[in-house]
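Colleague: Could you walk me through this model and show me how each label is earned?
Modeller: Gladly; let's take it one label at a time.

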Amino acid sequence: MDKFKIEGGRRLEGTVKISGAKNAALPAMAASLLTREPVHLQNIPHVRDIITMAKLLAHMRCHVESPDIPPSEFTMQAENVSHAEAPYDLVRTMRASILTLGPLVARFGHARVSLPGGCAIGARPIDLHVQALEALGASISVDHGYVEARAEGLRGRTFRFPKITVTGTENVLMAAVLAEGETILENCALEPEIADLAELLVKMGAKIEGAGGPTIRVQGVSELHGATHRIIPDRIEAGTFLLAGAITGGELALTACQPAHLGALVSTLRQCGVEITCEPSGTVHLRGAKRLTSADVTTAEYPGFPTDMQAQFMALATQAQGVSRIRETIFENRYLHAVEMMRMGACIALAGNLAVVTGPTPLSGAPVTASDLRASAGLVLAALVASNTTWIDRVYHIDRGYEQIERKLRAVGARIERVTGRPE
Ligand code: EPZ
């Protein structure tokens, strides 16, 4: 199993190119199931979840090809889908497999998707996906660990999500585009990945208004056609590199970003004393503070502070002067990284969904274990400022969502290596 070996204490300087957004690419790939024509996607990040989604589509007999190695573009053609099924082996490695449920039932009238279990960050049920698809007329049963959906043609109607859900909004939007009549979805997620998916669907012939806002209106069409679409930049990868620059007191330029998607994080970093300037061309410049100051954050749905940046911000808070209060409101168990950071010397008190970080505290290198994708990123940031060597185990978590993180970090001065085997 691969590990990272990180020698801390280097100031990061230079330029990092941000990849396409994993969480926008995954629903876009699932959307290719909605048409028999080819869907061509560009700016796809080369990360493990994308490979899993490609395998899942191929398992359904959707033709998936890429012109380059490593792939940054994919063409998917779901002309002959013979297995409308997402098997357990693939779903357990990637919950986003649930995104195939909506498109499959909308186009083929039948879908069978293994029920995703809980994961390291919380129980993560899919009841809202199910409720909304039922509202559109699908009959859904859960049997032998699989969600099975059947419909003889979905029918548009109004559905209000009782709670905001990102993939729930995406799944149901993909179903609604082929439903008969008008669907109105209320209390939708506002994440930029939803608007990006809607843009692709509109290029495919769907009629959608309001995506990116709380109410989305869809006029169903009888079929969709092929399209070419460029995936938006990854705001979480960009945010992680901003924090890497900030925690090391460095100076970074991030290119190929969408600064408008980084609002909550940028204002928190400015509060901590970090200088950030954004160019409309998509480059963000960061100059680290001489002395970081603490800040309070509460994770929230977009445009609030992203839960996917909470672990990385916690690493920064350990180096900031004063007390930072972090409140996690999206997932119920997203503090496993805190315990590992404490093993490195961080002063963190946990009480329910509140983490109180008192800084600055010197961190010392230690063997630590990554528990999920963003927790791993938080540990990498902590290791960048820790004395001596930090070994991070289970880095397969980070490979799910960050493209070549160690190469990108090395290119701006970090000492990080991928090692196979045990530390000596
Ligand atoms: C998406 O997950 C992202 N995944 C997550 O990214 C991200 O952390 C999360 O949104 C929140 O921003 C993808 O886009 C592929 P939710 P999703 O449904 O859609 C509850 C990463 O590291 N809920 O918006 O699964 C749920 O338990 C990740 O890249 C229900 O109760 O998140 C949570 O408390 C991990 N019932 C809250 O809603 C449901 O049916 C928000 O979850 C669905 C969700």
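**Salt bridges and the domain interface**

Modeller: Let me start with D49 and R400, whose side chains meet in a salt bridge, at 2.9 Å from N to O. Bear in mind that this is a predicted model.

Colleague: Why is the contact of D49 and R400 called a salt bridge?

Modeller: The rule asks for a side-chain nitrogen of Lys or Arg within 4 Å of a carboxyl oxygen of Asp or Glu. R400 and D49 meet at 2.9 Å, N to O, so the pair qualifies. Across the interface of domain 1 and domain 2, the rule finds two salt bridges. It also finds six residue pairs in polar contact there.

Colleague: Which helices supply at least two residues each to the side of domain 1 that touches domain 2?

Modeller: Those are α12 (373-385) and α13 (396-399). By class, that side of domain 1 has eight nonpolar, five polar and 11 charged residues.

Colleague: How do you know what belongs to domain 1 and what to domain 2?

Modeller: The domain assignment gives 2-19 + 233-420 as domain 1 and 22-230 as domain 2. Their C-alpha centres lie 30 Å apart.

Colleague: What makes the two domains count as being in contact?

Modeller: Contact requires heavy atoms within 4.5 Å. On that basis, 24 residues of domain 1 are in contact with 21 residues of domain 2. The two domains bury about 1,900 Å² between them, with 51% of it on carbon and sulfur atoms.

Colleague: How many salt bridges does the rule count in total, and what makes D393 and K3 one of them?

Modeller: The count comes to 24 salt bridges. The side chains of D393 and K3 meet at 3.4 Å, N to O, and the limit is 4 Å, so this pair passes too. D393 sits in strand β23 (residues 389-393) and K3 in strand β1 (residues 2-7), so the pair links distant parts of the chain, 390 residues apart.

**Around the ligand**

Colleague: Which residues are closest to the ligand?

Modeller: The ligand is surrounded by 21 residues, and the closest are D127, T165, T167, D308 and I330.

Colleague: What makes the approach of T167 to the ligand a polar contact?

Modeller: The cut-off is 3.5 Å between N or O atoms. A polar side-chain atom of T167 lies 2.6 Å from an oxygen atom of the ligand, so it meets the cut-off. I330 uses a polar backbone atom, which is 2.6 Å from a ligand oxygen. For K22, an N or O atom of the side chain is 3.0 Å from an oxygen atom of the ligand, so K22 qualifies as well.

**Backbone details**

Colleague: Why do cis peptide bonds and positive phi values get a mention?

Modeller: Because most peptide bonds are trans, and most residues other than glycine have a negative phi. Here a cis bond joins Y302 and P303, with omega about 10°, and P303 lies in the loop between β18 (297-298) and α10 (310-317). The bond from G359 to P360 is also cis, with omega near 0°; P360 is in the loop between β21 (354-359) and β22 (367-369).

Colleague: And where is N43, and what is its phi?

Modeller: N43 is in the loop between β3 (39-42) and α2 (48-59). Its phi is near 65°, a positive value in a residue other than glycine.

Conventions. Residues numbered from 1 in each chain as written. Predicted model: local features only at pLDDT ≥ 70, side-chain atom pairs only at ≥ 80, totals over all residues. Heavy atoms only, no water. Domains from an automatic or database assignment. Buried area = accessible area lost by both parts, 1.4 Å probe. Polar contact = N/O pair within 3.5 Å; in protein donor to acceptor, adjacent residues only side chain to side chain. Helix = DSSP H or I, 4+ residues; strand = E, 2+ residues; numbered from the N terminus. Nonpolar A, V, L, I, M, F, W, Y, C, P; charged D, E, K, R; others polar. Near = heavy atom within 4 Å.
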